[in-house]
Amino acid sequence: MDTEGTYDGQETRSGRVPRPAGPPAHPPALPGLPPKPTHAPAAGPVLADWLRHPRASDGPGVWTYGHVPRAAEEPEVTPTRQLVSGALIALLAGLLLWSLLWNGYLGGFWLWPLYMFTPDSWAGTLPSVVASYVWYAVVAATLTIGFGRLGRWPELGRRLLASRAVRAVRAVHALQGPAPVRPEAGGADDPARWPQLRGAGLEDAAERLEGEAGAGRMNDVDYARIRRAWESVCADPSRLKAFAEAVRDKGAGACVHPSGERDLPVRAARHDLLARQVLLGTVEDGPRNPYPRRGTSLALDPEVLGTSLLAVGPSGSGKTGRLVRPVVESLALQALAGQAAVVAVGAAGARLGPDTAYDVVVRVGDPDSVYDLDLYGGATDPDEAATLLAEAFVADVPGIEVRRAATALAQLLGPFRAAYGRFPAVPELRELLDQGPDAFGELRRDLADAGQHTMLRELDARERQHGAAADPGPALADRVALLDRPAFAGFFDTTGQGRPFSLRTLEHPIRVRVDLPERGHADASRMLARLLLAQFNAAAAARTDRSLFAFLAFDDASHTLTAQTVRGVQRLRSANAGVLLTLRSLDDVPEELRTPLLGAVGCRMAFSGVTTWDGKRFAETWGTEWVETRDVTHRTVFADQPLTRAIHAFRKLVTGKAVTTDAVTVRQVERERWSASDLAHDVPPGYAVLSLTSVRGERAAPLLVRLAGTA
């Protein structure tokens with residue numbers, strides 16, 4: 001995080017594009033704290049308790065807040081019916097033995113200790129009677145304890161007498177491992193006392209921040225933001241003085257985000273900014289899930305989002321409200337803390353949060369939009385800009401080679417930029433692709449006057465290729481025409497008069513939402529979505545500072561993916577970046593890209609209601625596992641003795657079934673973790689099956705998750 005909160009380049013809603021937040025040389029006056037949003041930890045003592053709450057993780061996707069690891073394997077639980085029968089048999093055996101002893105059928109050996117330790121002078125006296133009954137009680141208690149342990153009476157009593165809630169609590173405590181250690185309040189490792197600052201000699205700063213939290217003037221975003229600023233100070237000690245001055249002057253408002261915001265106006269999900277997690281749901285406590293994960297809470301964080309996530313589900317399955325918005329909201333909070341940069345792309349009207357939760361809102365096709373979209377993604381090299389445009393314009397057109405299209409565009413963009421110092425606007429680019437005589441002639445004269453003979457040769461080459469059989473120019477012109485509409489007048493400006501947003505700003509903790517005109521201009525929206533994905537892949541990989549986690553979320557990625565962007569998605573994990581792609585069906589992706597797409601992403605999610613065709617793809621991706629099966633064979637018993645035959649006949653008359661014996665065969669077989677039929681028919685509404693992979697290579701098997709969040 002930079003220690004100087006300056007701005008660079010284009011402007012945002014509050015004035016400029018933000019850099020990573022840090023203690024500025026002259027910090028602006030802070031606004032008042034916003035009201036505490038829902039699901040946010042309260043300030044003051046509650047914030048301190050939230051900081052001290054133990055956190056533990058035993059795999060990717062585990063909600064670490066208060067998590068206690070479970071046993072690796074499920075213990076065997078004896079059925080209640082078996083416990084009852086065993087207890088009754090032990091009781092009858094104990095009563096039989098007592099009766100035999102009491103009535104002397106086994107002799108008087110059990111009375112020898114009584115005779116040995118009782119004086120003969122006690123015969124017929126009260127002490128003798130008392131001693132006899134004491135000895136009888138000792139023998140009876142010994143028999144009760146012995147047969148009680150043999151018949152497991154204590155376990156049966158706990159199971160029958162204890163309430164269900166008490167049994168559940170006891171079972172959890174019995175099966176869980178040791179709980180994480182909670183830091184002692186006021187101790188040396190108490191996070192609320194900022195031990196890292198005290199260890200560096202900044203006692204005054206630590207006292208100021210501890211006092212701010214105790215007085216209720218600090219929230220979870222403030223804590224995460226200042227901790228992030230301290231990490232930047234550790235990486236660059238020259239920032240120490242500015243950090244100390246910012247904390248001394250502003251307290252909890254130090255190192256504030258360039259927008260001045262210290263929280264979101266509203267939260268729709270539960271977040272843990274200390275672990276950078278958002279709670280997604282609860283793993284179903286059933287046999288379809290691995291035992292250690294049953295009943296645990298599931299969360300997403302940059303560790304797993306860095307491998308990118310693909311979610312497939314029909315309309316109304318909850319992809320937006322239960323997945324996209326919580327993830328975008330979590331990363332928006334992390335952006336306020338100087339930890340991430342997030343771009344959310346969706347159709348106009350998609351419920352991705354209020355405008356005030358973002359720094360930049362681009363409404364393509366809306367004349368009231370404050371911001372524009374940079375068609376060239378901030379590129380200055382004509383070849384790079386041409387490659388991005390060709391990928392967006394014609395990568396989905398059969399028979400058109402993207403490389404040739406990129407060359408054709410570069411032969412126009414290079415000369416135009418050499419002549420005018422900028423790239424052409426949409427109408428100008430369309431006219432050049434159509435080989436308009438006025439546009440071509442004027443461009444040629446300007447290049448000749450400037451002495452750009454190399455660019456003149458580029459222009460001549462484009463003119464010779466125009467009209468050839470394999471010329472991509474007409475297809476490019478048709479696609480550019482989709483953007484050259486009255487609805488987009490004033491957009492994609494390259495003259496410097498607008499306020500274009502460029503994905504080159506991913507080095508700053510920025511929050512962006514792009515609204516596409518899906519309803520009236522579906523083809524143009526899909527083309528812009530492809531352009532944004534291609535620009536994001538290029539910008540994320542080209543960042544010199546990758547300390548911020550960059551994320552791009554598509555509320556609907558239908559007809560957005562190409563062969564090149566799928567390869568780019570796979571390379572994002574090494575660039576500290578990721579994407580979230582949601583689809584109504586895998587049919588919205590070209591058939592030749594479905595398998596590479598499932599292999600490129602590390603996290604895969606199938607919502608309730610997917611088709612068996614989509615389920616088959618997921619089943620193949622998730623593979624198989626070895627499971628233990630039991631095959632029971634029933635064989636009829638034929639008796640040889642008349643008495644036995646009579647008993648069997650009476651039993652069949654009573655039960656209606658023949659007397660049989662069971663032969664049990666236990667074996668290991670290989671089966672699909674989730675079959676296509678299971679995914680299509682056995683996932684209830686409001687649930688999803690999710691597999692996770694972290695950037696370190698840790699994997700979580702497909703889990704059936706009950707989703708939280710708004711529908």
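**Warm-up.** Is Ile226 buried or exposed, and what is its relative accessibility?

Keep in mind as you go that this is a predicted model.

*Solution.*
- Step 1: Find the residue. Ile226 sits in helix α9, which covers residues 220–235.
- Step 2: Recall the cut-off. Buried means under 20% relative accessible area.
- Step 3: Apply the cut-off. Ile226 has 0% relative accessibility, so it counts as buried.
- Step 4: Look for a partner in space. The C-alpha atoms of Ile226 and Cys255 are 6.5 Å apart, with their positions 29 residues apart along the chain.

**Exercise 1.** Work out which of Arg152 and Trp194 is buried and which is partly exposed.

*Solution.*
- Step 1: Place Arg152. You'll find Arg152 in the loop between α4 (126–151) and α5 (153–161).
- Step 2: Check the backbone there. Phi of Arg152 is near 55 degrees, a positive value in a residue other than glycine.
- Step 3: Place Trp194. This residue belongs to the loop between α6 (164–175) and α7 (195–199). Its phi is also near 55 degrees, again positive and again not in a glycine.
- Step 4: Now sort them by accessibility. Arg152 is partly exposed because its relative accessible area is 34%. Trp194 has just 1% relative accessibility, so Trp194 counts as buried.

**Exercise 2.** Follow Leu333 to its partner in space, then describe the salt bridge that the partner makes.

*Solution.*
- Step 1: Start at Leu333, in helix α12 (residues 319–336). With 0% relative accessibility, Leu333 counts as buried.
- Step 2: Hop across the structure. Leu333 and Arg511 are 178 residues apart in sequence, yet their C-alpha atoms are 9.2 Å apart in space.
- Step 3: Look at what Arg511 holds. Arg511 forms a salt bridge with Asp359, and their closest N and O atoms are 2.7 Å apart.
- Step 4: See what this pair connects. It links distant parts of the chain, 152 residues apart: Arg511 is in strand β9 (residues 511–516), while Asp359 is in the loop between β5 (340–347) and β6 (360–363).
- Step 5: Check the burial of both ends. Arg511 is buried at 0% relative accessible area, and Asp359 is buried too, at 3%.

**Exercise 3.** Take two more salt bridges, Asp236 with Arg239 and Arg248 with Asp249, and classify each residue by exposure.

*Solution.*
- Step 1: Get the distances. The closest N and O atoms of Asp236 and Arg239 are 3.5 Å apart. For Arg248 and Asp249, the N to O distance is 3.3 Å.
- Step 2: Sort out the pair with Asp236. Asp236 is partly exposed, since its relative accessible area is 28%. Arg239, at 16%, is buried.
- Step 3: Do likewise for the other pair. Arg248 has 53% and is therefore exposed, while Asp249 has 45% and is partly exposed.
- Step 4: Put these pairs in context. A search of the whole structure turns up 38 salt bridges.

**Exercise 4.** How many cavities of 30 Å³ or more does the structure hold, and which classes of residue line the largest cavity?

*Solution.*
- Step 1: Count. There are two cavities of 30 Å³ or more.
- Step 2: Size up the largest cavity, whose volume is about 80 Å³.
- Step 3: Go around the wall. Among the lining residues are Leu264, Val266, Arg325, Glu329, Gly353 and Tyr358.
- Step 4: Sort the lining by class. You get eight nonpolar, one polar and two charged residues.

**Exercise 5.** Which residues form the nonpolar patch on the surface, and where does Leu106 lie?

*Solution.*
- Step 1: List the members. They're Tyr105, Leu106, Phe109, Trp112, Tyr115, Met116 and Phe117.
- Step 2: Note their accessible area, about 950 Å² together.
- Step 3: Zoom in on Leu106, which lies in the loop between α2 (80–102) and α3 (112–117).
- Step 4: Classify Leu106. Its relative accessibility is 39%, so Leu106 counts as partly exposed.

**Exercise 6.** Where is Glu458 found, and how far is its C-alpha atom from that of Leu413?

*Solution.*
- Step 1: Find the helix. Glu458 is part of α17 (residues 453–465).
- Step 2: Check its exposure. Glu458 counts as partly exposed because its relative accessibility is 30%.
- Step 3: Compare chain and space. Glu458 and Leu413 are 45 residues apart along the chain, and 9.8 Å separates their C-alpha atoms.

Conventions: Residues numbered from 1 in each chain as written. Predicted model: local features only at pLDDT ≥ 70, side-chain atom pairs only at ≥ 80, totals over all residues. Heavy atoms only, no water. 1 Å grid on protein atoms, 1.4 Å probe; cavity = no way out; pocket = protein on both sides within 12 Å on 5 of 7 lines; lining within 4 Å. Points joined across faces, edges and corners; volume = space filled by probe spheres on them. Nonpolar A, V, L, I, M, F, W, Y, C, P; charged D, E, K, R; others polar. Patch = residues over 30% accessible without salt bridge, like charges linked within 9 Å, V, L, I, M, F, W, Y side chains within 5 Å. Areas by Shrake-Rupley, 256 points an atom, 1.4 Å probe, with all protein chains shown as cover. Salt bridge = Lys/Arg side-chain N within 4 Å of Asp/Glu carboxyl O. Helix = DSSP H or I, 4+ residues; strand = E, 2+ residues; numbered from the N terminus. Buried < 20%, exposed > 50% of the residue type's maximum accessible area, 1.4 Å probe, protein only.
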